[in-house]
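Visitor: Welcome me in, please. I would like to walk through this model with you, one question at a time.

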Amino acid sequence: MTLDDEHFMRLALEEAKKAATKNEVPIGAVIVLDNEVVATAYNLRETTQNAITHAEILAIQEACNHVGSWRLENAVLYVTLEPCPMCSGAIILSRIKRVVYGAHDPKAGCVGSLMNLLEDNRFNHQCEVTSGVLAQECGEMLSSFFREIRQKRKHEKLNGSLGNN
């Protein structure tokens with residue numbers, strides 16, 4: 001991990017906070033090219049009701065528009081949560097050079113947790129991977145979000161059952 005990694009991951013955390021304010025799973029992504037931020041995004045699945053509007057996908061789309069090409073060969077993607085299979089595929093296909101992520105995702109992560117698609121030499125492109133950058137902060141943001149959801153549901157269920165008596 002470098003100081004730049006920490007700096008850009010903090011920007012990704014800011015994107016994740018934006019997602020949380022919209023009741024989206026707080027995942028943020030930033031794409032950097034030549035030490036310049038060329039794209040930022042956060043999850044919008046609930047807002048759009050579209051399964052593919054993950055932070056990484058949206059950031060890749062924005063970066064491709066910015067550079068005028070689908071090839072992001074020298075880009076670095078910073079994301080607060082380990083990419084899923086769909087996002088890992090998009091990362092490979094867009095030729096991103098390096099991926100830096102925060103928290104591991106034991107249920108859907110495909111950059112080391114369940115499998116490692118980004119470094120699999122059977123694909124025509126592999127990425128350098130740095131994991132665990134600001135992992136505690138990234139993980140705590142997600143844990144807090146889901147803890148609040150569970151508490152709200154428990155409260156609603158309790159109030160609903162009290163109202164039915």
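Visitor: How far apart are the mean positions of the positive and negative charges of the protein chain?
Guide: Happy to start there, with the note that this is a predicted model. The protein chain carries 17 positive and 21 negative charges. Taking the mean position of each set, the separation comes to 8 Å.

Visitor: What pattern of helices and strands does the protein chain follow along the sequence?
Guide: The protein chain has five helices and five strands. Read along the sequence, they give the pattern α-β-β-α-α-β-α-β-β-α.

Visitor: What radius of gyration does the protein chain have, against that of a compact globule?
Guide: The C-alpha trace spans about 60 × 30 × 30 Å along its principal axes. For 165 residues, a compact globule would have a radius of gyration near 15 Å, and the value for the protein chain agrees with that. That value is 17 Å.

Visitor: What share of the exposed area do carbon and sulfur atoms supply?
Guide: Of the 165 residues, 45% count as buried. The protein chain exposes about 9100 Å². Of this area, carbon and sulfur atoms supply 51%.

Visitor: Which element gives the most residues to the largest nonpolar core?
Guide: That core has 52 residues, and those with the most contacts inside it are I31, I60, L72, I91 and I96. Elements giving two or more residues to this core include α1 (3-21), β1 (28-33), α4 (85-93) and α5 (135-163). The top contributor, with seven residues, is α3.

Visitor: Which residues does I96 touch, not counting those up to four places away in sequence?
Guide: I96 is listed with I31, I60, L72 and I91 as having the most contacts inside the largest core. Those four are among the residues I96 touches. The full set is I31, I60, L72, A75, L77, I91, H125 and C127.

Visitor: Is M9 buried or exposed?
Guide: M9 is found in helix α1. Beyond four places in sequence, its contacts include Y78, V79, T80, V133, L134 and C138. Its relative accessibility is 0%, so M9 counts as buried.

Visitor: What is the C-alpha to C-alpha distance between M9 and Y101?
Guide: Y101 is one of the residues in contact with M9. The two are 92 residues apart in sequence. In space, C-alpha to C-alpha, they are 7.8 Å apart.

Visitor: What share of the contacts with a separation of 6 or more comes from residues 24 or more positions apart?
Guide: The pair M9 and Y101, in contact, is 92 residues apart in sequence. For the protein chain, residues 24 or more positions apart account for a share of 57%.

Visitor: What is the phi of N23?
Guide: N23 sits in the loop between α1 and β1. With a relative accessible area of 54%, N23 is exposed. Although N23 is not a glycine, its phi is positive, at about 60°.

Visitor: Where is Q49 found?
Guide: Q49 is a residue other than glycine, with a positive phi near 55°. Its relative accessible area is 62%, so Q49 is exposed. Its place is the loop between α2 (45-48) and α3.

Visitor: Is I57 buried or exposed?
Guide: I57 lies in helix α3. Leaving aside neighbours within four places in sequence, I57 is in contact with I52, M86, C87 and A90. Relative accessibility is 13% for I57, so the residue counts as buried.

Technical notes:
Residues numbered from 1 in each chain as written. Predicted model: local features only at pLDDT ≥ 70, side-chain atom pairs only at ≥ 80, totals over all residues. Heavy atoms only, no water. Core = buried A, V, L, I, M, F, W, Y, C linked by side-chain atoms within 4.5 Å. Buried < 20%, exposed > 50% of the residue type's maximum accessible area, 1.4 Å probe, protein only. Helix = DSSP H or I, 4+ residues; strand = E, 2+ residues; numbered from the N terminus. Contact = heavy atoms within 4.5 Å. Rg over C-alpha atoms; globule rule 2.2 N^0.38 Å. Areas by Shrake-Rupley, 256 points an atom, 1.4 Å probe, with all protein chains shown as cover. Lys, Arg positive; Asp, Glu negative; His and termini not counted. Charge placed at Lys NZ, Arg CZ, Asp CG, Glu CD.
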